[in-house]
Amino acid sequence: MPPSRVPRPRRYLVCEPRYFDVKYAINPWMSENTEVDQDLARSQWNALTDAYRALGHKVESVEPHAELPDMVFAANCALVLDGKVFGSRFHAPQRRLEEEVYAAWFKVAGFEVHRPGSVCEGEGDLVPVGGRILAGTGFRTTTEAHREVQEFFGVPVTGLQLVDPYFYHLDTALFVLDDGSDGQPANIAYYPEAFSPGSLAVLRRLFPDAVVATREDAMAFGLNSVSDGRHVLVAPQAKGLVAQLAEHGYDPVPVDMSEFHKAGGGIKCCTQEIRA
Ligand code: ARG
């Protein structure tokens, strides 16, 4: 019998996809003349935010900006931990204006925002779990930023080297099942081949009981998932992973974000967690 899992209520920041589009290509999932079905994108995003609310989570939103088609990917705007906000500095010039727009939201919400000195894409590459922060690098966030994150939060940062351009952000290759903050053992799910051999050895050492996903499930954005400790909002296309999660005692909640996959994002990318 798998253990019975206990959910913890969360606070999420999201950005509605009013201006979502694929207008430029900054990762291998994107191509310039991609057609986006705006109505479908809107209804998929509504289903995601409705699912959070139905599970008792608090959902807040930031006003979208007409010139920022990727702004819907709220996870990239910051890492918020212990009520402290480490803002972002985007790799792509097309996304730089998001830094200001999100920082302004945080200020109004009563947070001070630390602005990083080098490229850092928030929860896209920074994943708090088990008293440490897993930090991806290789495509976006720099190792300089990892050091700055450790100094800022005073939490150990464990750098992980990403090696496959399809998994350009850590949150496309790994997600947290249990963050360990409520006494349950910390655990993750991940796709091994997205990591360098040394980084993979680190993950195996830290999380010997992790859920290990196939390439097929990873390419279906299965690892861009959000867990509250019990319910896992997960791409229904990642069939094998959905079955594995159920075997491990989690409740998979399928949410199809296929329109957002065209921009290289999914469930987690659209969700910023405010840990205050
Ligand atoms: N088009 C966006 C980019 O390449 C997608 C960001 C997805 N976000 C994420 N957290 N992985 O920057």
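**Figure 1. Helix α6 and the glycine after it.** Right after α6 (residues 239-247) comes G249, with a positive phi near 90°. Keep in mind that this is a predicted model, where local features need pLDDT of at least 70, side-chain atom pairs count only at pLDDT 80 or more, and totals for chains, interfaces and linings use all residues. Residue numbers start from 1 along each chain as its sequence is written. Helices (H or I, at least four residues) and strands (E, at least two) are DSSP runs, numbered from the N terminus.

**Figure 2. The two faces of α6.** Which residues of α6 are buried? They are L241, V242 and L245. These three cover an arc of only 105° around the axis, so they sit on the same side of α6; the arc is taken from the directions that run from the helix axis to the C-beta atoms. A243 and E247 are exposed, on the face turned away from the buried side. (Buried means 20 or more other C-beta atoms within 10 Å of a residue's own, exposed means 12 or fewer, and partly exposed is in between; C-beta atoms are placed from the backbone.) The buried residues pack against β11 (211-212), α5 (215-219), β13 (231-234) and β14 (251-254).

**Figure 3. The sheet β12-β13-β14.** Here's an open sheet of 3 strands with mixed pairing. Its edge strands, β12 (226-227) and β14, each pair on one side only. β13 and β14 run parallel, joined by 4 bridges, and L233 faces V253 in β14. Two strands pair if DSSP finds at least two bridges between them.

**Figure 4. The sheet β3-β4-β5 with its helix.** This is an open sheet too, with 3 strands and mixed pairing. β3 (78-81) and β5 (113-114) are at the edges with a single partner strand each, so one side of each has no neighbour in the sheet. β3 and β4 (residues 84-87) run antiparallel, with 4 bridges between them. V80 has V85 in β4 as its bridge partner. Helix α3 (residues 143-153) packs on the sheet and touches β3, β4 and β5, its direction making about 165° with that of β4. (Contact means C-beta atoms, placed from the backbone, within 7 Å; axes are lines fitted to C-alpha atoms, for helices over the stretch in contact, and angles run from 0 to 180 degrees between N-to-C directions.)

**Figure 5. Strand β9 and its partner.** In β9 (residues 174-178), 5 of its 5 residues are buried. β9 pairs with β10 (residues 187-190) in the antiparallel sense over 4 bridges, and F175 is opposite A189 in β10.

Note on methods: Contact = placed C-beta atoms within 7 Å.
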